[in-house]
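Reader: I'd like a close look at the sheet in this one, especially its middle strands and whatever packs around them. Could you walk me through that part and then link it to the ligand sites?

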Amino acid sequence: MKLDTYAEITWCPGCGNFGILTSVKNAINELIKEGIPKEKFVIASGIGCHAKIVDYINVNSFYSIHGRVPPTLTGIKLANKDLVAIGFVGDGDIYDEGISHLIHAAKRNTDITIVVHDNGVFALTTGQFTATSPKGFKGKSTPKGSIENPLNPIKLMLVSGATFVARGYAGKPEHLKELIKKAVKHKGFSFVDVLQPCVAFNNTYNFYNKKVYDLNAEGHDTSNFEQAMKKADEKEKIPIGIFYETQAQVFEDHFN
Ligand SMILES: Cc1ncc(C[n+]2csc(CCOP(=O)(O)OP(=O)(O)O)c2C)c(N)n1
Ligand code: SF4
Ligand SMILES: [Mg+2]
């Protein structure tokens, strides 16, 4: 596939990161065909299993530090706002270590795309619970089960001012590819939380395969903030797709 690199992929066989990688490469390849020059793309990652993705895609890239992808990309856009900046972050990375950076990037409406590999676990460090681990999650740091309720990233981003808020699933790479393309084309802060099974520490394939449905195929109004907040609360069935999209002043346009 175009955009392949020489790096050996070291994710566990069956990891949801493979679905994300395929979606992202296909999205970037199609965006290049649609006219965005390849050299305009710049990707950055946090720290964790997810972060290796920057080694596997042959565009300009920057291996950032834990939780600091949003300020890294903000700096890149301030230096050259013509670049297309996409960040790949983990749930532990961005909902624990770097949560304030995520909120401020959304509030500023920086024109970047953040893709969260949300596997509900600190995977690279072998299984500690994160902000999105379900209540009762058993892992290295919670051997008797987590007693905390998980964070709702979609609602957090909606109230923080994100102008494009979506959720994808690594098990539906074609749908995820389309979401990523729309997120990249959106002018302003785009947020895509991706449900990502981790076969080693939080294997959620069966759970998500039964529960996910495409909210955009069911007449959801993506301009309706209150409806988006309600959809974000659904748990019996899990909506994927675009929850909310709007236009607002972009940080770097005003800054410059
Ligand atoms: C500042 C800092 N704190 C802690 C670590 C240790 N660390 C490395 S990877 C990792 C887990 C990352 O989890 P997540 O962001 O969910 O990514 P995943 O491995 O699940 O893809 C941690 C805590 C670090 N590298 N830097
Ligand atoms: S530990 Fe989990 S997230 Fe990391 S490569 Fe293996 S399956 Fe993927
Ligand atoms: Mg994780």
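Author: Sure. Keep in mind that this is a predicted model.

Let's begin with the ligand sites. Around ligand 1 there are 19 residues, and Gly48, Gly90, Gly92, Asp93 and Ala123 come nearest. Helix α3, residues 91–97, supplies the largest share of that shell, with four residues. By type, the ligand 1 shell splits into six nonpolar, 10 polar and three charged residues.

The shell of ligand 2 has another make-up: nine nonpolar residues, two polar and no charged. Its members are Trp11, Cys12, Cys15, Asn17, Cys49, Asn119, Ala123, Cys198, Val199, Ala200 and Phe201. Ala123 is listed among the nearest residues for ligand 1 and is also part of the surroundings of ligand 2.

Now for the sheet. It is open and built from eight strands, in the order β2-β1-β3-β4-β6-β5-β8-β7, with mixed pairing. The edges are taken by β2 (60–63) and β7 (212–214); each has a single partner strand, so one side of each is left without a neighbour in the sheet. From one strand to the next, the twist averages 20 degrees.

On to the middle strands. β4 has six of its six residues buried, so the rest of the structure largely encloses it. In a regular strand, side chains alternate between the two faces of the sheet. Here Thr113, Val115 and His117 point one way from β4, while Ile114, Val116 and Asp118 point the other way, and all are buried.

β4 has β3 on one side and β6 on the other in the strand order. With β3, β4 runs parallel and is joined by five bridges; in that pairing, glycine 87 stands opposite isoleucine 114. With β6, the pairing is also parallel, over six bridges, and aspartate 118 of β4 faces leucine 195 there.

Moving along, β6 (residues 190–195) also pairs with β5 (residues 164–169), in the parallel sense and over six bridges. Two of the matches are phenylalanine 164 with serine 190 and alanine 166 with valine 192. β5 is mostly covered too, with six of its six residues buried. Phe164, Ala166 and Gly168 point one way from β5, and Val165, Arg167 and Tyr169 the other way.

What lies over these strands? Helix α5 (residues 153–160) packs on the sheet, touching β4, β5, β6 and β8 (238–245), and its direction makes about 165 degrees with that of β5. Helix α2 (residues 69–79) lies across β1 (41–45), β2, β3 (84–90) and β4 (113–118), and runs at about 170 degrees to β3. That puts β4 in touch with α5 and under α2 as well.

The side chains bring in the nonpolar core. The largest one has 60 residues, and those touching the most other members are Val165, Ala166, Ile180, Phe191, Val192 and Val194. Take valine 165: leaving aside its neighbours within four places in sequence, it is in contact with Ile154, Met157, Leu158, Phe191, Ala228, Phe243 and Tyr244. Apart from that core lies another, of nine residues, including Cys49, Val121, Phe122 and Cys198. That leads back to the ligands, as Cys49 and Cys198 are also among the residues surrounding ligand 2.

Terms used: Residues numbered from 1 in each chain as written. Chains lettered and ligands numbered in written order. Predicted model: local features only at pLDDT ≥ 70, side-chain atom pairs only at ≥ 80, totals over all residues. Near = placed C-beta within 6 Å. Nonpolar A, V, L, I, M, F, W, Y, C, P; charged D, E, K, R; others polar. Pairing = 2+ DSSP bridges. Axes fitted to C-alpha atoms, helices over the stretch in contact; angles between N-to-C directions. Contact = placed C-beta atoms within 7 Å. Buried ≥ 20, exposed ≤ 12 C-beta atoms within 10 Å, placed from the backbone. Core = buried A, V, L, I, M, F, W, Y, C linked by C-beta atoms within 7 Å.
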